Amino acid sequence: MADLNKPAWRNDAFAKVTGRTRYTDDLKFPNLLHAVPVYSEHVHATLRGVDTRAAAASEGVVRVITARDVPGTNRFGQIVQDFRVFADDRIRHNGDVVALVVAQTRDQALRAAEMVRVDAIPLPSVLDPEEAMKPGAMLVHEEFGTNIINTHRIRRGDIEEGFRVSEVIVEHEFATPWVEHAYMEPEVAVCQVRSDGVMEVYGSMQHPFSTRRFVSAVLGVPLADVEVIGTPMGGGFGGKDDTAAIVCARAALAARLTGRPVKLMYRRDWSIRESYKRHPYRVKYKMGLTRAGRIKAVHCTIIADGGAYCSVTPWVTWRSTVQCCGPYEVPHVHCDTFGVYTNNPVTGAMRGFGSPQVNFVVESMIDIAAQRLNMSAIELRRINMVRQGSVTITGQKLDNHTVAMEQVLDAVLRETDFENKVRTCPRGAGHEEEQYGIGLAMSYRGVSLGAEGVDFCAAMINVQADGSILIETGIHENGQGAESAMMLIAARELGVAVERIRYRRSSTSVIPDSGTTVASRGTIMGGGAVTLAAQDLKQKIAETVAPAMDCLPGELEFRDEQIVHPPSGRSTSFDKAIQEMFSQKRFPHAFGVFKAPTVTWDEHDGQGKAYFTWVYGCQAIELMVNRKTGKVRLLNAVAAHDVGSAVNRAMLEGQFYGGMAMGIGYALHEDLEVVDGRIQNANLNAYRIPRAMDMPEMKAIIIENPDPESPSAAKSIGEPTNELMAPAIANAIFNASGKRHFHLPIRCVPEG
Amino acid sequence: MTITVNGTVRELTPDVLQKRLVEYLREDLDLTGTKNACDIGACGACTLLIDDLPLKICTKRVHEVAGKRITTIEGLARNDGTLHPLQQAFVDHGAIQCGFCTPGMVLTAHAFLLKHPTPTRSEIRRAIYGNLCRCTGYQQIVDAIAAAAPYYATHSQP
C-alpha cells in the first residue's frame, strides 16, 4: 500500500516547518493570568499546613490555591485514586505540589511562589523497593496497609520438573534505571470558562478523556461541562497521561476560582521533577535449558519501583509479566512480579510500557545461554522462538495472524550479514584499541491494551455537500502523525484523494471517550474505527446510487474518486454521488466503533489470551568499543518489524528511527540520578538524551502481513521499535569486549 | 535602538531592551515559532539566526542583540508563501514529527548550509549537535539537510 516513491505526507508538516503551528503555549487569550506550582523541600513528610499569606499579598498575585480550595475531589488516578491535585495529608515525593500561585504575570507568580511556607514534619523515606516490601516497612500510604501496589504471576507447567530436566542453568540479576520521557514540549495548560459556563481546556496531554474526567472531578461538575480540545503537542511518548492531566486540572481550578483564563506552563526542571518516569526494574532471572538448546524452565522475580503513586504500575508490570520469557516457547514458567510504592519519583507509562526492561533481561540471557552452550545465539533463538500455531507462556495459541518472528529475524540477518560478521567479533581477545561488535535482539509484543482494559475507539466521517470530507476520531495527535494515518486510511477505504479530507481536531464534547493514545494503539484502534466508519458510509452511498445504476449496492466499488459497477462498467463520480445524497436528504455521515476482539485473563495462574494480536520485531547494531576510554561508537543499526500494513511509509520509518534512538539512549546515555528521593539532573544539559552525533546510520525494514483482526490490516509500531536496542547493544558490546553488562545504562570501564 | 526582525526594522524602547528576547518575539511580535523548552540553552528549540549565525536565545535579553538582523522560522519561507527548499526537504523526507524542535533545527541547518554547501552526513550531524530531537532519531533530519545541500551549492543567495 505504501508508495516507496512518494514523498512523505502529513497534514501538519507545512504549519510545523513554517512555525505557524500553535501549541498550547502559543495560544493567545485576553486577560490571561499565569500560574506556577509550589513544591516543598521534602521527600516524605507529614503536611501540617501551607502558609500562603505572604505570597497572596505579593505584587500582582490574584490567588494562591491549596488543597482546601478544591471544590470537588482532590484525589484521583486511573486505577487507584491516590494522586493528589495538591498535597493534603502528606508529602510523598519531592515533586508533590503544595500550592499554585496565580498572578498577573509569570514573573510575579514566580516571585510569590518563593514566599509560600510549608509546615511539615519529615518522615523516614522509603527509597528501596525491596526494603519497602518487607513487613514492618514505613508505609507510603498508610490506608493501604502495605507498600505493594500490585502483584502478577505466571504459573505454567511444573517449575521443579522444568529445572530437573534442564542440563544447563543460567542465573543472573539485572537492574534498569528511571527514564525521563524528555518530550521537547514541557507540560502546559490553558483553561477558560466559556460564556455558557463550560470549562474549556487546551493542554499538552495525550489523553483528553481522562483529562476531562480529572477536571470534572476536581471542579465537581458534570463531564458535559468540561470540553478538552485537542491541541498540537510537542511529544508525549506515554508521559503525558496522568501527570499532564493534573496540570490541566490545576489550571482549570485556577480559571474557575479567578474567573479569568489561566495558563500553567511548566519549566523543564518542574516537568522532570513532577512527571512520572519509566519504572526502574530489578529482575532475578533463572533459565534452564537442555544441551541441545531447548529452553525448559524460566523462574523470574520482577520488582518495579512504582514511586509515590500507583499511576498505571499494575498495567505496566502486567505487560512485563506476560512477556517475561520473550518470544520463546517455554513449558515451565514461574514468574512473580511486584509493583511497589516508594518515596521516589512517580513511575508510569513510557513508550515500551514494561517491555524495554524485561527485553533487556531476556535477550541478554539468550546470548549468555548460547555462549554457555557453545552454540550460535541465532540458532538458540530459532530453536525456541514462537512460530505459527505456537502457544505462548500464558497459554495463548498464536493462530489468528501471521507469526512473523522468523521472517523479521531473517530480514535483519540478511541485511547485516550478521552470521559472518559475528564470527569476526573478538569478545575481548586481541590488542586493537577499538574492538568491533555486532549484536541483535528480538521480541514479540501484544498489541494495544490487551487484558489491561476495555479497548475500543470511535470515528466519524462527515462528507460535506461539495464532496469535501471531515473526519474525527478519539485518537490524539501526539506528534507521531496519527491524524495523517487516519486520513490516509479513510482515503484508501473510500477510494478518494487524501486532499479531500480534513481532520477535525477532536473535542471530548463531540467524539465518544475512546481511551488514551498510548500502547501503540493509535493506528490499529483509530484506523479500525475509521475503516468501519468508511465502510458504513460506502454502504449508505451505494444504497443511494445503486438504483440509478441499475445494480445492487453490494456490487459497487469505490476507487479513483469514482463509484464503479465493474460488471457493466458503469460509474458515477464521488462528487455526484454526494450531491445525490444531499438531494435525497440522506446525509453522508457515518460513525464507526472498533471494539478490540475479546481477550481473557486468569490472574491466579497468569494464563489467558492476553492480546488479540501480536507484532514481531528484530533489531541489530554494529559498534566499536574503545578499550582505553570505554567509549562506545555506534556504526549501523537495522530494524525489521511486521506492521501488518504500512499506511504512511515515511512516518512509519520515523517511528522506527525515533524508537531506536530512545532505545540507544536507554542503553548508553540516560540515567535519571535520584539521590535520597531527589532528582539531581532535572534539565536537558545533565539528563543526556541522544544527540545527532551519538546516532548511527539506521535502516528500517518494513514487513507487511495484513492482520485479519485489524479492520485496516495495520498493527502497531511506536513501542516495538523502542524495546530492542538496549539488549542488542549489550550483546554487541559483549561480542566486542567479552564483558557482559547487567545494568543500564551500560558503562564500559576503561582497561588498565 | 532598532532591531531587524525578518526584514522589518523595529524600534526598541528602554523597557523592551530589558525583556527576554524569547518573550519579545513570542509575546510582543507574536512570532511563536521560536520555542522555549529548557530555559538554559541546552536543547536548541529557541535557536534563531542573528546576522545569519545560529544562536540559542532563551537566556538572552533584547539589548544583547540590539542593532542586529534576526531571522526567525517565520522569516525563512519565500515572500510568496512557498517553502524554502530546505523547509520543503524537511517535509518531503519525513523529518517532522511533533515539530517542536523543527524551527530551531531548520534554522541551524540553514546557517550551516550557507557556509558548508557540500557537507558529509557526519558534518551535518555535528552541525545539529546542539539541537535536541526526541521523535526522529535524527535520521530523516540528516536526510533532509543532505538533500537540500545541492540547492545551496548552486545558488548565490540561498
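A:Ile302 is a good place to start: this residue counts as buried because 25 C-beta neighbours sit inside 10 Å, and the cut-off for buried is 20 or more. Its home is strand E16 of chain A. Keep in mind that this is a predicted model. From there, the tour goes through the backbone oddities of chain A, its domains, the side of chain B that touches chain A, and then chain B itself.

**Around A:Ile302**

- Setting aside neighbours within four places in sequence, A:Ile302 is in contact with A:Tyr281, A:Val283, A:Thr317, A:Ser320, A:Cys324 and A:Thr337.
- A:Thr151 is 151 residues away from A:Ile302 along the chain, yet their C-alpha atoms are separated by 9.6 Å.

**Backbone oddities in chain A**

- Most residues other than glycine have a negative phi, and most peptide bonds are trans. Here are some that go the other way.
- A:Ser311 isn't a glycine, but its phi is positive, near 45°. You'll find A:Ser311 in the loop that runs between strand E16 (295-307) and helix H9 (313-322) of chain A.
- A:Ser311 has 27 other C-beta atoms within 10 Å, so it clears the bar of 20 or more and is buried.
- A:Asp560 also has a positive phi, about 50°, without being a glycine. Its spot is the loop between strand E22 (557-559) and strand E23 (562-565) of chain A.
- A:Asp560 is exposed, because 12 other C-beta atoms lie within 10 Å and exposed means 12 or fewer.
- The peptide bond between A:Leu744 and A:Pro745 is cis, with omega at about -10°. A:Pro745 belongs to the segment after helix H18 (725-737) of chain A.

**Domains of chain A**

- Chain A splits into domain 1 (13-123 + 187-265), domain 2 (281-450 + 602-737) and domain 3 (456-595).
- Taken over C-alpha atoms, the centres of domain 2 and domain 3 of chain A are 37 Å apart.
- The contact between domain 2 and domain 3 of chain A takes 19 residues from domain 2 and 18 residues from domain 3.
- On the domain 2 side of that contact in chain A, the residues divide into ten nonpolar, seven polar and two charged.

**Where chain B touches chain A**

- Chain B puts 42 residues in contact with 43 residues of chain A.
- On the chain B side, the elements giving two or more residues are helix H3 (85-92), helix H4 (102-115), helix H5 (121-127) and helix H6 (139-154).
- H3(B) gives the most to this side, with four residues.
- By class, the chain B side has 23 nonpolar, 13 polar and six charged residues.

**The sheet in chain B**

- Chain B has an open sheet of five strands, ordered E2-E1-E5-E3-E4, with mixed pairing. Strand E2 (8-11) and strand E4 (53-56) of chain B are the edge strands, each pairing on one side only.
- From one strand to the next, the twist averages 35°.
- Strand E1 (residues 2-5) and strand E5 (residues 69-71) of chain B pair in the parallel sense over two bridges. B:Val5 has B:Ile70, in E5(B), as its bridge partner.
- H4(B) packs on the sheet and touches strand E3 (47-50), E4 and E5 of chain B, and its direction makes about 35° with that of E3(B).

**Helix H2 of chain B**

- In helix H2 (residues 21-28) of chain B, the buried residues are B:Leu21, B:Val22, B:Tyr24, B:Leu25 and B:Arg26.
- Helix H1 (14-17) of chain B is included in what covers those buried residues of H2(B).
- After H2(B) comes B:Asp30, with a positive phi near 55°.

**Domains of chain B**

- Chain B divides into domain 1 (2-75) and domain 2 (85-154), and the C-alpha centres of domain 1 and domain 2 of chain B lie 21 Å apart.
- In chain B, 16 residues of domain 1 are in contact with twelve residues of domain 2.
- E3 and E4 of chain B are the elements that give two or more residues to the domain 1 side of this contact. E3(B) gives the most there, with three residues.
- That domain 1 side in chain B has nine nonpolar, five polar and two charged residues.

Conventions. Residues are numbered from 1 along each chain as its sequence is written. Chains are lettered from A and ligands numbered from 1 in the order in which they are written. This is a predicted model: local features need pLDDT of at least 70, side-chain atom pairs count only at pLDDT 80 or more; totals for chains, interfaces and linings use all residues. Two residues are in contact if their C-beta atoms, placed from the backbone, lie within 7 Å. Ala, Val, Leu, Ile, Met, Phe, Trp, Tyr, Cys and Pro count as nonpolar, Asp, Glu, Lys and Arg as charged, and the others, Gly among them, as polar. Domain bounds come from an automatic or database domain assignment. Two strands pair if DSSP finds at least two bridges between them. Axes are lines fitted to C-alpha atoms, for helices over the stretch in contact, and angles run from 0 to 180 degrees between N-to-C directions.
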